[in-house]
Amino acid sequence: MITLKSEADIACMRESGKLTKNVLDLLGKSIRIGMTTKELDKIAYDYIKSVGAIPSFLNYEGYPASTCISIDEMVVHGIPSDDIVIREGQIVSVDVGVIYNGWQGDAARTFMVGKVSPEKEKLVKVTEECFFKAIENLRSGSPLGDIGYAVQSHAEANGYGVVKALVGHGIGREMHEDPSVPNFGRKGTGIRLKSGMTIAIEPMINMGTWQVNFLNDGWGVVTRDGKPSAHYENTIAITDDGVEILTL
Ligand code: MF3
Ligand code: CO
């Protein structure tokens, strides 16, 4: 069931979205070579608590941290650890969710650490572009399939693989609401978006094959060919005027 949000609801999500963005900005400024992913997670946790918000990932279906930190061939859901040290040349995807006054924000960025290969740099750039292509002409009345179509065509035009095992989602009082928002699809298909819908669009793009494996920690997702993957996510609202990005 899709829940439509009122103007007042969206005002609340603007606040949780802003806090979510603030966490990612802070992590982007804080990330250092030699730091562990657990240290980075702690910075997120401390900030979220300090503003009176709740880290939505922590204890979500038993998830043990406030962020997912996924390096290189890890696609998403990397569990922060004291044993994982951030190294020069890596691409580090950080996904974070915040609940404020009962409303959710969800967003992800891929950070480049020190000097990164041009191939990885391009992957990160194209993954961000996939998000912006997806929202370019989006408005009330757009078919949902246009989002996946836009992401998939841009990624594949660059020779990349689109992850299909995980998708974006509606978001509101719950982190995961209807509808599912795949990063692949056909133009003109699917339900029509409507003013008041709030969704998280999150391209997960692989340098090589689209296929992934699931780690036996119950969370981690890695590329099957071991090549790098990037993730970029924002929570958006469909409005009468088009799209408002709530986490940027
Ligand atoms: N942010 C992820 C998503 O977009 C969810 C993370 S799973 C969690 O769906 F368990 F860490 F919360
Ligand atoms: Co999400």
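A polar contact here is a pair of N or O atoms within 3.5 Å; within protein, one must be able to donate a hydrogen and the other to accept it, and residues adjacent in sequence count only if both atoms are side-chain atoms. With that in hand, start at Thr198: its side chain gets to the backbone oxygen of Ile171 at 2.6 Å. The same side chain also makes a polar contact with the side chain of Lys5, at 3.2 Å.

A word on the ground rules. This is a predicted model, where local features need pLDDT of at least 70 and side-chain atom pairs count only at pLDDT 80 or more, while totals for chains, interfaces and linings use all residues. Residues are numbered from 1 along each chain as its sequence is written, chains are lettered from A and ligands numbered from 1 in the order in which they are written, and side-chain values use heavy atoms, with hydrogens and water left out.

**Around Thr198**

Thr198 sits in strand β9, residues 198-201. (Helices, H or I with at least four residues, and strands, E with at least two, are DSSP runs numbered from the N terminus.) Is Thr198 buried or exposed? Buried, with a relative accessible area of 3%; the cut-offs are under 20% for buried, over 50% for exposed and partly exposed in between, using a 1.4 Å probe and protein chains only. Not counting residues up to four places away in sequence, Thr198 touches a set of residues including Ile10, Met13, Ile236 and Leu246, where contact means heavy atoms within 4.5 Å.

**The cobalt site**

Which residues hold the cobalt ion (ligand 2)? The protein donors are Asp106 (OD), His169 (NE2), Glu202 (OE) and Glu233 (OE), lying 2.0 to 2.3 Å from the ion. Donors are N, O and S atoms within 2.8 Å of the metal (3.2 Å for Na, K and Ca), and water is not among the atoms, so sites may look incomplete. Along the sequence, the donor residues follow the spacing D-x62-H-x32-E-x30-E. Asp106 belongs to strand β5 (residues 103-112) and Glu202 to the loop between β9 and β10 (204-206), so this pair ties together parts that are 96 residues apart in sequence. Asp106 is buried at 2% relative accessible area, and Glu202 is buried too, at 6%.

**Two helices**

Helix α4 (residues 145-157) has 13 residues and runs 18 Å from its first C-alpha to its last, close to the 18 Å expected at 1.5 Å a residue. That expected span is 1.5 Å times one less than the number of residues. Its buried residues include Ile147, Val151 and His154. Among the elements covering the buried residues of α4 are α3 (118-135), β6 (161-162) and β8 (177-181). After α4 comes Gly159, with a positive phi near 85°.

Helix α3 has 18 residues, which should span 26 Å at 1.5 Å a residue, and its end C-alpha atoms are indeed 26 Å apart. Among its buried residues are Leu123, Thr127, Phe131 and Ala134.

**Rings and charges**

The structure holds four aromatic pairs. Rings of Phe, Tyr and Trp (its six-membered ring) pair if their centres lie within 6.5 Å; planes under 30 degrees apart count as stacked, over 60 as edge-to-face and the rest as tilted. Here are two of them:

| Pair | Centre to centre | Angle of planes | Class |
|---|---|---|---|
| Tyr63 and Trp219 | 4.8 Å | 80° | edge-to-face |
| Phe132 and Tyr232 | 5.9 Å | 40° | tilted |

Phe132 lies in helix α3 and Tyr232 in the loop between β13 (229-231) and β14 (234-239), so the pair ties together parts 100 residues apart in sequence. Phe132 is partly exposed at 33% relative accessible area, whereas Tyr232 counts as buried at 4%. Ring pairs also link Phe131, Phe132 and Tyr232 into a cluster. As for the other pair in the table, Tyr63 is buried at 2% relative accessibility and Trp219 is buried at 18%.

Lys164 has its charged end over the ring of Trp210, 4.5 Å from the centre. Lys164 also lies over the face of Phe184, at 6.0 Å from the ring centre. For a charge to sit over a ring, NZ of Lys or CZ of Arg must be within 6 Å of the ring centre and within 35 degrees of the ring normal.

**Ile31**

Ile31 lies in the loop between α1 (7-30) and α2 (37-50) and is buried, with a relative accessible area of 12%. Its contacts beyond four places in sequence include Leu40, Ile86 and Phe111. The C-alpha atoms of Ile31 and Phe111 are separated by 8.4 Å, although the two are 80 residues apart along the chain.
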